[in-house]
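Visitor: Before we begin, could you take me through the terms as they come up and show how each one is applied?

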Amino acid sequence: MIAIAKNLDKIRDRICLAAKKCGRDPKSIELVAVSKTRTVAEIKAAYDHGQIFFGENYVQELLQKAKSLENLDIEWHFIGHLQRNKVKVVAPFIKHIDSVDSFRLAEEINRRVPKAINCMIEVNIGNESSKSGIPEPEVPDLLTALNSMEKLNIVGLMTIPPFENEPESSRHYFRNLRELMNKLNSANIYRSKLTELSMGMTTDLEVAIEEGSTMVRVGTGIFGDRRVGVVSRIS
Ligand SMILES: *Cc1c(COP(=O)(O)O)cnc(C)c1O
C-alpha cells in the first residue's frame with residue numbers, strides 16, 4: 001500500500017510538471033483514479049493519500065465498492081459503457097457520468113437520477129468500430145437534444161483514443177476533441193458552456209494536458225499493472 005501512495009505522488013508530479021510546461025495551473029487538472037479490478041483496500045490506500053475522485057467501468061464492481069466505502073467522501077465517476085437498465089441502481093452512488101453515449105441513455109438518466117448530475121459525452125474520436133462513444137459528427141445533434149433534459153448537466157467531452165505505442169501519436173486525437181468542444185461552444189447549441197475535457201491516461205497524460213485536458217483518468221500508474229482475468233464484466 002506504500003507503493004500506491006508513492007505512485008500517486010509520482011502521478012501528481014507528472015501532472016504538475018506537464019501543466020507548468022505549457023503554462024497551465026496544475027489545479028485546473030483533476031485526477032480520476034481508475035479503480036476497476038482493484039480491491040477496496042487498494043482504493044482506501046489511495047483515499048488515505050488524499051485521492052477523492054475514483055472511476056469505475058462496471059456496475060457490479062462499482063456497487064460493491066461504493067457500498068463498502070460509503071462512509072468516505074469519495075466521488076465516484078462512472079466511466080464505462082452504462083446499460084440503460086442499470087442507471088436506476090447506480091444513480092444513488094455516483095456523482096458523475098463521464099460516458100454518456102446515446103440519446104436513450106441520457107433520457108434514462110434524466111428520468112432516474114434523484115437530482116441533477118454532471119455528465120460528459122463520450123466521443124469515439126478515432127471512429128473505431130470496437131470503441132464506445134458516439135461518432136464525432138453526431139455530437140452536435142445529441143447535445144442539442146440534451147438541452148431539454150434538466151437533470152443532466154453536460155460539462156464536457158470524454159474520449160478514449162485508439163491505442164498507440166507512442167504517447168505523441170495520440171496528440172491529434174486530443175487536439176480534435178478540444179477543437180470539437182470549442183466549435184460546440186462557439187455554435188452556442190448547449191444551454192451552458194462546456195468546460196471539461198476528460199482525456200489522457202497513464203501513458204499519455206502529459207500530451208493530453210498539453211492539448212487542454214482538464215481531467216486525466218489514471219489506473220495502472222497508481223495501482224500497478226492490472227492482473228489479467230480479474231476483470232469482472234458482470235454489468
Ligand atoms: C482503464 C481505464 C483507464 C485507465 O487506464 P490506465 O492505462 O490503466 O491508466 C482510463 N479510462 C478508462 C475509460 C478506462 O477504462
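Guide: Ala, Val, Leu, Ile, Met, Phe, Trp, Tyr, Cys and Pro count as nonpolar, Asp, Glu, Lys and Arg as charged, and the others, Gly among them, as polar. By that scheme the lining of the largest pocket divides into 10 nonpolar, 7 polar and 7 charged residues. This is a predicted model, in which local features need pLDDT of at least 70 and side-chain atom pairs count only at pLDDT 80 or more, while totals for chains, interfaces and linings use all residues. Residues are numbered from 1 along each chain as its sequence is written, and side-chain values use heavy atoms, with hydrogens and water left out.

Visitor: What makes a residue one of those around the ligand?

Guide: One of its heavy atoms must lie within 4 Å of the molecule; the residues that qualify include Val-34, Lys-36, Asn-57, Gly-219 and Arg-226. This shell divides into 5 nonpolar, 4 polar and 3 charged residues.

Visitor: Why is the pair formed by Asn-57 and the ligand called a polar contact?

Guide: A polar contact is a pair of N or O atoms within 3.5 Å, and a polar side-chain atom of Asn-57 lies 2.7 Å from an oxygen atom of the ligand, so the pair meets the cut-off. A polar side-chain atom of Arg-226 likewise lies 2.9 Å from a ligand oxygen.

Visitor: How much of the ligand does the protein bury?

Guide: Taken alone the ligand exposes 390 Å² (Shrake-Rupley method, 1.4 Å probe), and the protein buries 89% of that.

Notes
A polar contact is a pair of N or O atoms within 3.5 Å; within protein, one must be able to donate a hydrogen and the other to accept it, and residues adjacent in sequence count only if both atoms are side-chain atoms.
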